[in-house]
Amino acid sequence: MTTKIGFIGLGAMGLPMSSNLQRKGFAVTVYDIDDAKMDKVAALGATKAASIAEASRGQDIVITVLPATPHVEAVVLGEDGVLANIDAGALLMDLSTIDAKGTDRVAAACAEKGIGFVDAPIGRLALHAERGESLFMVGAEDADFARVEPALNAMGTDIFRCGKPGMGSRMKVINNFMLLSTAQIVAESIALGTKLGLDIQTIHDVTGNTTARNGQFHVLMVNKVLKGDVEPGFTIDLAFKDLTLAMNAAAENRVGLPMGAAAHAVFGGARAGDYATKDYSALLDYACQNAGIKPPRMD
């Protein structure tokens, strides 16, 4: 029997993921505040819902992919939200990157109603989501994981069990803290190298063959900002939000993160102006702007 999925949130990740589910044989009903995005998935055969409630009813699994903790709590816990309308025996899977305590609150609300819950934040970039090559960090009970695994396989290629519900969100905070801090170091390194007269291809080739090799330079930036493309797969504004999650978790647990604090401050400065809505690879352009040089580009 075809698995019915209600998919709420068609942003940079949600749109390609819901499209892949529809292409791969799931019966998908989509909802987003942007009607044009729903039309794109409907063109593949998906059903458009008129509301969160409509997207939640009659589904085997409801998936949410939303920007931040308040959005998830409003959509899931709101008066006419997912939990007010989801069928008995259905399951909620949240793919959003949010505060782990927010995930815990949603998980507890699901448990109180007898609804299965899985948190499976997304790894990798929007370009991977488009190709069905995402990575998922999963917090779930065994029985619930078995129910969502086929859908995860339809959207991605790598699935990591991180523990019970809530542990996927905690892993995502750590993952994004590491990659976003690294992205800032890469941006500064390239800006400094350019200022010193080094060619960007030379910087790329040498660092790609030492232990300096990393995904922020050799996967992200070569596919985005170094091609002159700063249209957001993941905005600096959202990146700042994710770094804030890490800094808050550190403060609550009395862990000092001096390097992270510096990166967090730079992201905060970048989001104060036009960079807020640009792809986070545009940290390179921001670093070059601050250095008074033209950002390098690769063919």
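**Exercise 1. In which loop is arginine 124 found?**

Solution. This is a predicted model: local features need pLDDT of at least 70, side-chain atom pairs count only at pLDDT 80 or more, and totals for chains, interfaces and linings use all residues. Residues are numbered from 1 along each chain as its sequence is written, and side-chain values use heavy atoms, with hydrogens and water left out.

Step 1. Find the elements. Helices (H or I, at least four residues) and strands (E, at least two) are DSSP runs, numbered from the N terminus.

Step 2. Place the residue. Arginine 124 sits in the loop between strand 7 and helix 7.

Step 3. Check its backbone. Arginine 124 is not a glycine, yet its phi is positive, about 75 degrees. Most residues other than glycine have a negative phi.

Step 4. Check its exposure. Buried means under 20% relative accessible area, exposed over 50%, and partly exposed in between (1.4 Å probe, protein chains only). Arginine 124 has a relative accessible area of 37%, so it is partly exposed.

**Exercise 2. Classify arginine 254: buried or exposed?**

Solution.

Step 1. Locate arginine 254 in the loop between helix 12 (236-252) and helix 13 (258-270).

Step 2. Read its phi. The angle of arginine 254 is positive, about 55 degrees, although the residue is not a glycine.

Step 3. Apply the accessibility cut-off. Arginine 254 counts as exposed because its relative accessibility is 80%.

**Exercise 3. Trace the salt bridges around strand 9.**

Solution. A salt bridge is a side-chain nitrogen of Lys or Arg within 4 Å of a carboxyl oxygen of Asp or Glu.

Step 1. Take the total. The structure holds 13 salt bridges.

Step 2. Start with arginine 124. Its side chain meets that of aspartate 158 in a salt bridge (2.9 Å, N to O). The pair links distant parts of the chain, 34 residues apart, with aspartate 158 in strand 9 (residues 156-163). Aspartate 158 is partly exposed, because its relative accessibility is 26%.

Step 3. Move to aspartate 142. It forms a salt bridge with arginine 161, and the closest N and O atoms are 2.9 Å apart. Aspartate 142 lies in helix 8 and arginine 161 in strand 9, so the pair ties together parts that are 19 residues apart in sequence. Aspartate 142 is exposed at 57% relative accessible area, whereas arginine 161 is partly exposed at 38%.

Step 4. Add glutamate 141. Its side chain and that of lysine 164 meet in a salt bridge (3.0 Å, N to O). The two residues are 23 residues apart: glutamate 141 is in the loop between strand 8 (134-139) and helix 8 (142-155), and lysine 164 is in the loop between strand 9 and helix 9 (167-195). Glutamate 141 is partly exposed, with a relative accessible area of 34%. Lysine 164 is exposed, with 52%.

**Exercise 4. Describe the interface of domain 1 and domain 2.**

Solution.

Step 1. Set the bounds. The domain assignment, which is automatic or from a database, gives domain 1 (4-171) and domain 2 (214-291).

Step 2. Place the domains. Their centres, taken over C-alpha atoms, are separated by 25 Å.

Step 3. Count contacts (heavy atoms within 4.5 Å). Eleven residues of domain 1 are in contact with ten residues of domain 2.

Step 4. Take the buried area: the accessible area (1.4 Å probe) that two parts lose on being put together, summed over both. Domain 1 and domain 2 bury about 710 Å² between them, 70% of it on carbon and sulfur atoms. Pro67, Thr97 and Leu125 supply 44% of the area that domain 1 buries against domain 2, more than any other three residues.

Step 5. List the charged link. One salt bridge is counted between domain 1 and domain 2.

Step 6. Find the main element. On the side of domain 1 that touches domain 2, helix 7 (residues 126-130) gives the most, with three residues.

**Exercise 5. Which residues does glutamine 22 contact beyond its neighbours within four places in sequence?**

Solution.

Step 1. Place glutamine 22 in helix 1 (residues 14-23).

Step 2. Judge its exposure. Glutamine 22 counts as buried because its relative accessibility is 15%.

Step 3. List the partners. Leaving aside neighbours within four places in sequence, glutamine 22 is in contact with Ala27, Val28, Leu44, Gly45 and Ala46.

Step 4. Add one distance. A polar atom of the glutamine 22 side chain lies 3.2 Å from the backbone nitrogen of valine 28.

Methods:
Polar contact = N/O pair within 3.5 Å; in protein donor to acceptor, adjacent residues only side chain to side chain.
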